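Biologist: I should like a close look at one part of this model, namely its charged side-chain contacts. Please set out in one connected account what can be computed there, and go on to the bound species and the packing.

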Amino acid sequence: MRELKLARREARPEGTVVRLRNGAAFGGAALAICAGPCAVESHEQIEATASAVARAGANVLRGGAFKPRTSPYAFQGLRREGLELLRAAADRHGLAAVTEVLDPRDVEPVASYADMLQIGSRNMQNFALLKEVGLSGKPVLLKRGFAATVDEWLMAAEYVLAEGNPNVVLCERGVRSFDAATRNLLDLAVVPLLAELTHLPVIVDPSHGTGLARLVEPMALAGVAAGADGVLVEVHPDPASAVSDGPQSITFDRFGALVARIAEIAVAVGRRLPAAGLAV
Ligand code: PEP
Ligand code: MN
């Protein structure tokens, strides 16, 4: 593995805490609970989801406005309208907003709506994009490339840090494997490994990590047990009708039950749920 300059653990032995403006934090005693639909689809969808996940104990609302789709003919996201809907729904419920940015030219507009910029798995080594989000100064959620080694992933983080942006959170979302039984192979061993190698916070995405709604809860719990600083979970009012990633999206009820169980696991590993949001 290459030597890290800025991301290496020794550079900040106490660990980095990445804070968003609603009080959500990645890396402190409180976990970050990020939840929401794969894609922002409509006002009704994102409003209902924001309300439900905030009530259940989430503190960060996710939702794609620019979607990286394998087919150019698949739904590409609501773009600026999606950003507006996400921002408004997050604000109404005291949540921070994280959303993906696909193109260096969109970093500025996306950063004007979001509290955190997501770099998706397919763009983990888009170096022009990494530099641009580094320059933006906004907190960055850096997903692991689906075929990226830990070394490559940390070097990608290093690109953002090297532009003077210290606020990087790593997100394990599974890697492609030989076995199609699950969508990806969620690599939970990287959670404690990264804690040795880097001071950056790490969260786990069991939705893309498994592709199967029924596996989301056990793998989210396992991620927290392994020491993750939070989870990122896809939640949809009606997963069967979701425009993207329905099979791995969980309902509001299941999300509520999941957060309650995360609270139990958190205690066992010296962590806790975030304080209730700022919702009015
Ligand atoms: C997503 O979070 O909806 C997404 C596209 O994730 P990934 O980049 O991990 O595939
Ligand atoms: Mn998705």
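Modeller: Across the whole structure, a search returns 14 salt bridges, each being a side-chain nitrogen of Lys or Arg within 4 Å of a carboxyl oxygen of Asp or Glu. The model is predicted, and local features therefore need pLDDT of at least 70 and side-chain atom pairs count only at pLDDT 80 or more, whereas totals for chains, interfaces and linings use all residues; side-chain values use heavy atoms, without hydrogens and water. Residues are numbered from 1 along each chain as its sequence is written, with chains lettered from A and ligands numbered from 1 in the order in which they are written.

One of these salt bridges joins the side chains of Arg2 and Asp151, at 2.6 Å from N to O. It links distant parts of the chain, for Arg2 belongs to the segment before β1 (18–19) and Asp151 to helix α5, 149 residues apart. Here helices (H or I, at least four residues) and strands (E, at least two) are DSSP runs, numbered from the N terminus. Arg2 is exposed, with a relative accessible area of 52%, while Asp151 is buried at 13%; buried means under 20% relative accessible area, exposed over 50%, and partly exposed in between (1.4 Å probe, protein chains only).

Glu47 and Arg92 also meet through their side chains in a salt bridge, at 2.6 Å from N to O. This pair connects helix α1 (residues 43–56), which holds Glu47, with helix α2 (residues 80–92), which holds Arg92, across 45 residues. Arg92 is partly exposed, its relative accessible area being 36%.

A further salt bridge is that of Arg144 with Glu172, whose closest N and O atoms are 3.0 Å apart. Arg144 lies in the loop between β7 (140–143) and α5, and Glu172 in strand β8, so the pair ties together parts that are 28 residues apart in sequence. Both of these residues, Arg144 and Glu172, are buried. In addition, Arg21, Arg87, Asp91 and Asp115 are linked in a network of salt bridges.

Turning to the metal, the protein donors of the manganese ion (ligand 2) are Cys38 (SG), His208 (NE2), Glu234 (OE) and Asp245 (OD), lying 2.0 to 2.4 Å from the ion. Donors are N, O and S atoms within 2.8 Å of the metal (3.2 Å for Na, K and Ca), and since water is not among the atoms, sites may look incomplete. Along the chain, the donors follow the spacing C-x169-H-x25-E-x10-D. Of these, Glu234 sits in strand β10 (residues 230–234) and Asp245 in the loop between β10 and α9 (252–268), 11 residues apart; both are buried.

Glu234 also takes part in the surroundings of ligand 1: one of its polar side-chain atoms lies 3.3 Å from an oxygen atom of that ligand, which is a polar contact (a pair of N or O atoms within 3.5 Å). A polar side-chain atom of Lys67 lies 3.0 Å from an oxygen atom of ligand 1, and a backbone N or O atom of Ser121 lies 2.7 Å from one. In total, 13 residues surround ligand 1 (a heavy atom within 4 Å), the closest being Arg62, Ser121, Arg122, Lys143 and Arg173.

Finally, helix α6 (residues 190–197) has Val190, Val191 and Leu194 as its buried residues. They cover an arc of only 100° around the axis, which puts them on the same side of α6; the arc is that of the directions from the helix axis to the C-beta atoms. These buried residues pack against α5 (150–162), β8 (168–172) and β9 (202–204), contact meaning heavy atoms within 4.5 Å.

Terms used
A polar contact is a pair of N or O atoms within 3.5 Å; within protein, one must be able to donate a hydrogen and the other to accept it, and residues adjacent in sequence count only if both atoms are side-chain atoms.
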